[in-house]
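Subject: Structure handover

Hello,

Here is the structure I promised to pass on. Please open it and keep it in view while you read.

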Amino acid sequence: MNDVKLAVLGGEGTGKSALTVRFLTKRFIGEYASNFESIYNKHVYLEGKQLNLEIYDPCSQPQKAKFSLTSELHWADGFVIVYDISDRSSFAFAKALIYRIREPQTSHCKRAVESAVFLVGNKRDLCHVREVGWEEGQKLALDNRCQFCELSAAEQTLEVEMMFIRIIKDILTNFKLKEKRRPSGSKSMAKLINNVFGKRRKSV
Ligand SMILES: Nc1nc2c(ncn2[C@@H]2O[C@H](COP(=O)(O)OP(=O)(O)OP(=O)(O)O)[C@@H](O)[C@H]2O)c(=O)[nH]1
């Protein structure tokens with residue numbers, strides 16, 4: 001069974017837990033405990049495969065170095081980056097997170113190909129008090145090779161589900177690319193034997 005690890009990140013109160021809980025239970029409960037981090041497990045059947053999905057929902061810790069993200073970058077196969085369309089500062093936070101994930105020096109982390117990233121403008125039901133335009137979200141996503149959507153965890157079950165499915169599919173595509181780039185077991189063993197014994201023979 002494939003393990004798929006997804007981290008849901010974003011500014012405080014943007015709706016990370018609401019999105020995760022909506023996806024897992026199809027419900028919106030309004031208030032979510034925010035003083036502890038959680039890893040949720042769900043079995044998902046997709047593209048003919050049974051997947052063990054793990055979703056990391058952090059607690060907001062203002063004292064934590066905001067963009068260090070080191071453990072998340074090593075752990076996750078993909079990221080959902082959430083901002084609140086009615087809160088411009090949460091968009092700036094999301095931007096900084098995306099830049100951190102796309103920084104070249106983070107490429108030594110677990111992935112051989114770029115991580116899947118989905119930028120989500122949450123709280124679309126609050127568009128009458130919107131502070132971030134749809135085009136701004138779309139541009140940030142395009143410029144940084146992310147998928148993008150606006151939705152409302154409070155009002156939309158299907159859209160939330162589709163967003164999670166789309167990023168899981170991207171992660172599975174990345175797994176396939178990684179698999180292609182890795183030399184097969186027998187080939188790499190042959191290479192190893194050649195390197196060791198081939199070199200020795202030459203020096204005799
Ligand atoms: N109007 C509206 N409110 C939402 C939506 N999603 C979440 N909320 C509300 O926003 C508040 C924060 O939601 P959470 O899911 O706890 O946000 P969070 O990002 O997990 O919060 P922290 O872990 O504290 O950073 C709660 O009061 C939610 O009810 C949405 O789509 N629309």
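Below is what I found, first for the chain and then for the ligand.

Please keep in mind that this is a predicted model.

The chain
The chain has 204 residues, and 46% of them count as buried. It contains 6 helices and 6 strands. Follow the sequence and you will read the pattern β-α-β-β-α-β-α-β-α-β-α-α. Now take the contacts between residues at least 6 apart in sequence. Of these, 75% join residues at least 24 apart. The exposed area of the chain comes to about 11400 Å². Carbon and sulfur atoms supply 55% of that area.

The ligand
Where does the ligand sit? It is in the largest pocket. The shell around the ligand is made up of 21 residues. The closest are Lys16, Ala18, Gly30, Ser60 and Asp125. Helix α1, residues 16–25, gives the largest share of this shell, with 3 residues.

Three distances are worth checking on screen. Each one starts from an oxygen atom of the ligand.
- Lysine 16: an oxygen atom of the ligand is 2.7 Å from an N or O atom in the side chain.
- Glycine 30: a polar backbone atom lies 2.4 Å from a ligand oxygen.
- Alanine 154: here too the partner is a polar backbone atom, and the distance to a ligand oxygen is 3.1 Å.

How much of the ligand does the protein cover? On its own, the ligand has 650 Å² of accessible area, and the protein covers 85% of it.

Best wishes

Conventions
Residues are numbered from 1 along each chain as its sequence is written. This is a predicted model: local features need pLDDT of at least 70, side-chain atom pairs count only at pLDDT 80 or more; totals for chains, interfaces and linings use all residues. Side-chain values use heavy atoms; hydrogens and water are left out. Helices (H or I, at least four residues) and strands (E, at least two) are DSSP runs, numbered from the N terminus. Buried means under 20% relative accessible area, exposed over 50%, partly exposed in between (1.4 Å probe, protein chains only). Contact means heavy atoms within 4.5 Å. Accessible areas come from the Shrake-Rupley method with a 1.4 Å probe; for residues, only the protein chains shown count as cover. A residue is near a molecule or strand if one of its heavy atoms lies within 4 Å of it. A polar contact is a pair of N or O atoms within 3.5 Å; within protein, one must be able to donate a hydrogen and the other to accept it, and residues adjacent in sequence count only if both atoms are side-chain atoms. On a 1 Å grid over the protein atoms alone, a cavity is a set of points where a 1.4 Å probe fits but cannot get out, and a pocket is an open set with protein on both sides within 12 Å along at least five of seven lines; lining residues have an atom within 4 Å of a point. A molecule sits in a cavity or pocket if more than half of its atoms lie within 2 Å of its grid points.
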